Amino acid sequence: MQLNSVHVPEDSPVGMILGKVSAIDLDIGPNRQIIYELIDSTGEFLLHENSGIIRLAKTLDRESCSFYNLTIMAYDVNMAILNSTTYFTVNVTDINDNAPEFEMQTYKANIDENVAIGTEVIRIFATSKDTGINAEIRYKIINGNVNDTFMINSKTGSVTVANDLDYELSNEYFLIIEAKDQGVPPLSNEVNLLINVNDINDNRPQFSQRSYDIVIREDAQINDKIYQIFASDADSPSNTNLTYSFENDQLSYKEFNIEPLLGILTVGKQLDREMTSSYILEIFCSDNGKPVPFSASVFINIEISDYNDNAPIFDKINQTIHLKENRPIGFKFFEFNIYDPD
Ligand SMILES: [Ca+2]
Ligand SMILES: [Ca+2]
Ligand SMILES: [Ca+2]
Ligand SMILES: [Ca+2]
């Protein structure tokens, strides 16, 4: 008996002839009649009992079964005891009928805003159940890559940083990644990749003004609010826990207090313009960020304005003036020297 073997594409139509078996040496004689029979059939193939022609009976799927070894018995219709066995092998060849499938339904990644260009963010992975080039995957970012911030290695699926990140400009990216096989024609699939950019403390607090000029009356009461200093910080809330203080002892005075969280400047002690008419305060603001906090400082000029709290004082308590007679009206005969510290 001969050994038969065929290669059949998995998308071959039902009914297609795959081959023919023939028993050539079973018996010799003018009236011989041979019957063929498929042993242990699983239903994919049909064998014509007289002609030995094998046809496809069901749609094949290489991904389920890529190889069949059919056992065929041939026997003499008159003398069934005279039989012979042959084999027919069917190799199912691949058709690109499976699109790439991602190992995850969606991908999510987090990356610090200060990482170097080239840093890997995540690795995307897709497979196809096919074989050969039909399962060779190429990756591509097809949407959402604002400013070409990321790139993907087409063969490995490794997503890396390709441009500077800045949490303050963009803190999330929504990319669509395509995986395409190399079949002819190719099949492809898409998956979402959400990249969150983590804030790093890279912004200093900024005061609302370069310096502050404030005028207060000297009769202000202790705890009176003078001014609310305001600073902002572009980082996320965790790197924007602003606190205000006088940090430099030389530039702090008992006359003033600052509320650390709200930046409210208040009177700490009775003021007296006649003693000190102006102050320069330096106020620090720290963002208490991590890993390294940032701070900024600003100068505050405080002018103390007068309040009439001093009576005029003559420079001499008693004056004696000797005035000659016959002076014209309006004659200036004396000047008082009056001092008023206000
Ligand atoms: Ca296939
Ligand atoms: Ca495929
Ligand atoms: Ca900050
Ligand atoms: Ca930041």
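Here follow questions and answers on a predicted model of a protein with bound calcium ions.

Colleague: How are residues, chains and ligands numbered, and which pLDDT do local features need?
Modeller: Residues count from 1 along each chain as its sequence is written, while chains are lettered from A and ligands numbered from 1 in the order in which they are written. Side-chain values use heavy atoms, without hydrogens and water, and in this predicted model totals for chains, interfaces and linings use all residues, side-chain atom pairs count only at pLDDT 80 or more, and local features need pLDDT of at least 70.

Colleague: How many helices and strands does the protein have?
Modeller: Both are DSSP runs numbered from the N terminus: helices are H or I with at least four residues, strands are E with at least two. By that rule the protein comes to zero helices and 27 strands.

Colleague: What share of the protein counts as buried?
Modeller: Buried means under 20% relative accessible area, exposed over 50%, and partly exposed in between, with a 1.4 Å probe and protein chains only. The protein has 342 residues, and the buried share is 35%.

Colleague: What share of the contacts with a separation of 6 or more comes from residues 24 or more positions apart?
Modeller: A contact means heavy atoms within 4.5 Å. Among the contacts with a separation of 6 or more, the share from residues 24 or more positions apart is 66%.

Colleague: Which residues of the protein are donors of the calcium ion (ligand 1)?
Modeller: Donors are N, O and S atoms within 2.8 Å of the metal, or 3.2 Å for Na, K and Ca; water is not among the atoms, so sites may look incomplete. Here they lie 2.1 to 2.7 Å from the ion. E63 is listed twice, through OE. The residues are E10, E63, D94, I95, D97 and D130.

Colleague: Why does the pair D94 and D130 tie together separate parts of the chain, and how many residues apart are they?
Modeller: D94 lies in the loop between β7 (83-93) and β8 (101-102), and D130 in the loop between β11 (126-127) and β12, so the pair ties together parts that are apart in sequence. Both D94 and D130 are buried. The separation is 36 residues.

Colleague: What is the geometry of the site of the calcium ion (ligand 2)?
Modeller: Its protein donors are N96 (OD1), N98 (O), S128 (OG), D130 (OD), N134 (O) and D181 (OD), at 2.2 to 2.5 Å. Four donors count as tetrahedral if all angles lie between 85 and 135 degrees; four count as square planar and six as octahedral if opposite donors are over 155 degrees apart and all others between 65 and 115; anything else is irregular. The angles among the six donor atoms run from 71 to 164°, and the site is irregular.

Colleague: Is N96 buried or exposed?
Modeller: The relative accessibility of N96 is 14%. N98, with a relative accessible area of 15%, is buried. N96, too, counts as buried.

Colleague: How many residues apart are E113 and D235?
Modeller: Both help to coordinate the calcium ion (ligand 4). E113 is in the loop between β9 (106-112) and β10 (120-123), and D235 in the loop between β20 (231-232) and β21 (243-245). Both are buried. They link distant parts of the chain, and the separation is 122 residues.

Colleague: Which strands stand at the edges of the sheet β9-β16-β15-β12?
Modeller: This is an open sheet of four strands with mixed pairing; two strands pair if DSSP finds at least two bridges between them. β9 and β16 run parallel over seven bridges, whereas β15 and β16 are antiparallel over nine. Each edge strand has a single partner, so one side is left without a neighbour in the sheet. The edge strands are β9 and β12.

Colleague: Which residue is the bridge partner of I177 in β16?
Modeller: I177 sits in strand β15 and is buried at 0% relative accessible area. A hairpin of six residues joins β15 to β16. The residues that I177 touches include F102, K140 and I152. Its bridge partner in β16 is V191.

Colleague: Which residue in β23 stands opposite I258?
Modeller: The open sheet β19-β23-β22 has three strands with antiparallel pairing. Three bridges join β22 to β23 (residues 264-267). Opposite I258 stands L265.

Key
Lists of a residue's contacts leave out its neighbours within four places in sequence.
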